[in-house]
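Let's take a walk through this protein together, starting from the inside and working outwards. Have the sequence and the 3D view side by side as you read.

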Amino acid sequence: MLDKGFAYEVEEGGNKSVYFSVEKFSKYGKLSKKDINELLAGARVDIDERKNSPLDFALWKASKEGEPWWNSPWGKGRPGWHIECSAMALRLLGESIDIHGGGADLIFPHHENEIAQSEAFTNKPFARYWVHNGFITIDKEKMSKSLGNFFTIREVLERYDAEVLRLFMLSSHYRSPIEFSEDQLKEAEASLERYYSTVARMDEFIALNATKELASQKDFDLIKWFNSFVDRFKERFEEAMDDDFNTALALGNTFELIREINRFLDSKPEGQRAATALMKAKEAIGLVKEVFNIFTKTPYQWNVELLKIKKISLTPEDIESKISERNLARKNKDWTLADRIRKELLERGILLEDKREGTTWKVKV
RNA sequence: GGCGGCGUACCCAAGUGGCUAAGGGAGAGGUCUGCAAAACCUCGAUUCAGCGGUUCGAAUCCGCUCGCCGCCUCCA
């Protein structure tokens, strides 16, 4: 860039710094839609007499006393922040990359400067697509290290399953800011609960019907309609994702599918044809699993995981034995005892559900 | 102050010129159930921050106003 005239050297305490000359790069500001003249007029840009222009940025920075340094043709120093990214991209990904991501707060100056130095050097487009995400905010302020209003993913994962956190973030568009809140996490957890309850119902149905005779005529139209809904779901999910990663819409579609599955089950179809239709629906949901990395567990694994996260000191075996005890009471129509056992479990966070096929448990979210 | 973006129901959120404004949570009523839970059904924005304009037609386009956020400085 020195050879090409885009950069210049400046003597700084025995060593040299190299600055990029912004005015030499005519497209400067194209990403952040900023105008050089307006930037120059801005009072907040400090004047540094060593730079030709206050907007110029360091490609190589001479090290001051006590700062880390490497040897270079300009003496002791270190790379400028922006050049690191351009250098890595050029070395590992090539002159033009397909997608460059980052937080929206990096658009200016960081990404703008990456473009300037990379394109000045290669004379080729640096990135074909820029994908800038919104911030996670706390009390409407961006969460950041420098503001100190942050907590780590590890801390959140002590209280919530990773899928909860993923679902929470996927529930709004990546460019939108997302307000971090306990309520939102609980909502995401409840949504996953809804999913896993539905899968449990499906699995039960499939186990009971996979080898049964073909569906009766009454179920035939229903199954046909259900199959076509599942097919449409796959198309709609992909369309949403193809449209600038519209994850919130894709999730909306997913929960419509879940409602349709429940409706299908509520209509009490019978036979292997219905079981096959549900297996196809599970397969369709596999798309969500692959793309979003949620829905990766079995309902049982999900509940066992919740026992751990919610710090419930009961094993599945403990719960099963309570259920047996209660079922005996129910058989004897001892509703008082049955209700007491159910209540005791609920107080410890375990919810029982009585169904025709038996009683199941899950962790209350 | 400049630039960029946002404002949709009680909460979250999709929708950016034309089918009844997706979906989830919360709430109310109902079906099922020993009672529950879950699931399902019904109800819920005559309206998209406000005002004005363009259009046969606007949450969507334009203008102004209000509110919020980010960047415009070091560091990353």
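**Starting from the core**

Keep in mind that this is a predicted model. Its largest nonpolar core has 60 residues, and I261, L278, F292 and I350 are the ones with the most contacts inside it. Which helix gives the most to this core? That's helix α9, running over residues 272-292, with 10 residues. The core lies between domain 2 (157-300) and domain 3 (313-363), because both of them give residues to it. As a bit of background, nonpolar side chains in soluble globular proteins tend to be buried together.

Now zoom out to the whole chain. The domain assignment splits chain A into domain 1 (7-133), domain 2 (157-300) and domain 3 (313-363). How far apart are the C-alpha centres of domain 1 and domain 2? They lie 46 Å apart.

Next, hop over to strand β1 (residues 7-12). Strand β1 pairs with strand β2 (residues 15-20) in the antiparallel sense, over six bridges. If you want a spot to check the register, look at V10, which stands opposite S17 in β2. The two strands form a hairpin with two residues between them, and G13 in the turn has a positive phi of about 60°.

Last stop, the surface. M88, L92 and L93 make a nonpolar patch there of about 360 Å². M88 is found in helix α2, which covers residues 81-93. Is M88 buried, partly exposed or exposed? With a relative accessible area of 48%, M88 counts as partly exposed, because exposed means over 50% and buried means under 20%. A residue needs over 30% to be part of a patch, so M88 at 48% clears that cut-off.

Definitions and conventions:
Residues numbered from 1 in each chain as written. Chains lettered and ligands numbered in written order. Predicted model: local features only at pLDDT ≥ 70, side-chain atom pairs only at ≥ 80, totals over all residues. Heavy atoms only, no water. Patch = residues over 30% accessible without salt bridge, like charges linked within 9 Å, V, L, I, M, F, W, Y side chains within 5 Å. Areas by Shrake-Rupley, 256 points an atom, 1.4 Å probe, with all protein chains shown as cover. Salt bridge = Lys/Arg side-chain N within 4 Å of Asp/Glu carboxyl O. Helix = DSSP H or I, 4+ residues; strand = E, 2+ residues; numbered from the N terminus. Buried < 20%, exposed > 50% of the residue type's maximum accessible area, 1.4 Å probe, protein only. Domains from an automatic or database assignment. Pairing = 2+ DSSP bridges. Core = buried A, V, L, I, M, F, W, Y, C linked by side-chain atoms within 4.5 Å.
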